[in-house]
Amino acid sequence: MSSATPPPDTPSPDSPSAETSPEAARGSATARIRLPRVPFWAQILAGLALGVLLGWVARTWEVAWLGTTLTRTGDLFVQLLKLAVAPLVFFAIVISVTNLRKVSNAARLATRTLLWFMVTSLVAVAIGLTIGLLTDPGAGTGLTAADGAEPEQAGSWLDFLTGIVPTDVITPFTELNVLQIVFMAAVTGVAALKLGPRAEPLLAFGESVLALLQKALWWVIRLAPLGSLGLIGTAIKDYGWNLIGQYATFTAGIYLGCALVLFGVYPLLLATAARVSPLQFFRGAWPAIQLAFVSRSSVGTMPLTQKVVERLGVPKEYASFAVPFGATTKMDGCASVYPAIAAIFVAQIFGVDLGVGEYLLIVFVSVIGSAATAGLTGATVMLTLTLSTLGLPLAGVGLLLAIDPVLDMMRTATNVAGQALVPVLVAARERILDLDAFGRARSFSPDAPDGPDGPDDRKDAAGAVAGAPSASQPGAAPVPA
């Protein structure tokens, strides 16, 4: 062997073994299979479009197995969301109440949050009433009182007031009575505050369980494109376009009313009361709004809502109170726009004339009774509460059950947008909003690595949520209280 010949275990740069070394092979394979990341919003849109197509196919050609698959897919997604609702609400409320001890002027923040909830609900129900009076949603539908049917679950003021306190600590969790769970959680949180240091082990356990539940719920959220495919496909398969056409005026009224609140009232409040950019708010809050549209659950969207609120510059201690509180009580779509238009619809079908007194009752129920919706899919309980207060037949609810899934998407998106809006608005007016973090907030994909904070977003928002500035810091919003 000559001296120019390389050793046997040292491959020449030109030899085949050098080109196919394990490291090079792995790198080449990774380069070949690497695909561009599809944005989450695009995945959801694709799921909705495919769901409409498959639902139409299943209905037109009566493809039984396809219809069953769509129904099971949508039901499973909603079931997974509901699976975490009871413990998520309980621990979120407990921790949110106890976190208020870390916030200065906690009572002031809580009071202002509640007041803004009521103000926006008042505006939303006024818009709903105006649209209902202008469009006559019950006219020309061909429906009669005989088409109605009383719902299985009805709401009344007596049930609402007495039903807050549970008869035992187990039933609210097994029957998913969110209002009673909120009551028990609030009592537990206040008791923990009174106990002081002795309650620290319980709070540490609660924070760990809450983090675990939120992590598990992120996995469910990543399935939202499949869930949207199943839910919209089932709606088209079951009801088709004829039903939507029959309820065209009513459906258009709900979507128009929610759109006016979502893209009219909220931006106006952001620009005037909070003095921040509405476009920037929607850029940051959009992941939660789009998930709410698909999932039709404010509580199921709650972890994502809290994440976007924190990324918009709201201090974590205040956001952890305001968002769970809003997810169970703040319902501009389900509890304001919808019952206002629906009450007028039912009254017209049953031939009942509504006067000024009845319209004022609708406003009262919407502003005070919105907690009856409790952040779950659908707004049947709130509608029955409104109808019973007005003395309208509860059978009118049966007229709207078929179209409810289509309406609930827009209603819930409006709910969640309002639940994100109020903490931003209050934080801005209290000068605790981090304007630097607000300006950096961007839409992100829930299926990004490490949860919602993908690698591209982390480098822009490094330290943004570590702590919001006080009123004396340069990042605070210069808005008078």
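**Helices and nonpolar cores in a predicted model**

Student: How many of the 15 residues of helix H5 are buried?
Tutor: The model is predicted, so local features need pLDDT of at least 70 and side-chain atom pairs count only at pLDDT 80 or more, while totals for chains, interfaces and linings use all residues. Residues are numbered from 1 along each chain as its sequence is written, and side-chain values use heavy atoms, without hydrogens or water. A helix is a DSSP run of H or I of at least four residues, and buried means under 20% relative accessible area with a 1.4 Å probe, protein chains only. H5 is mostly covered, and its buried count is 14.

Student: How far apart are the end C-alpha atoms of H5 (residues 85-99)?
Tutor: The expected span is 1.5 Å times one less than the number of residues. For H5 that gives 21 Å, and the end C-alpha atoms agree with it at 20 Å.

Student: What arc do the buried residues of H4 cover?
Tutor: The buried residues of H4 are Leu66, Gly67, Leu70, Gly74, Phe77, Val78 and Leu81. They lie on the same side of H4, because their arc around the axis (from the directions to the C-beta atoms) is only 110 degrees.

Student: Which helix gives the most residues to the largest nonpolar core?
Tutor: A nonpolar core joins buried Ala, Val, Leu, Ile, Met, Phe, Trp, Tyr and Cys residues through side-chain atoms within 4.5 Å. The largest has 128 residues, of which Phe250, Phe281, Phe345 and Leu400 touch the most other members. With 15 residues (within 404-429), the top contributor to this core is helix H19.

Terms used
Buried means under 20% relative accessible area, exposed over 50%, partly exposed in between (1.4 Å probe, protein chains only). Helices (H or I, at least four residues) and strands (E, at least two) are DSSP runs, numbered from the N terminus.
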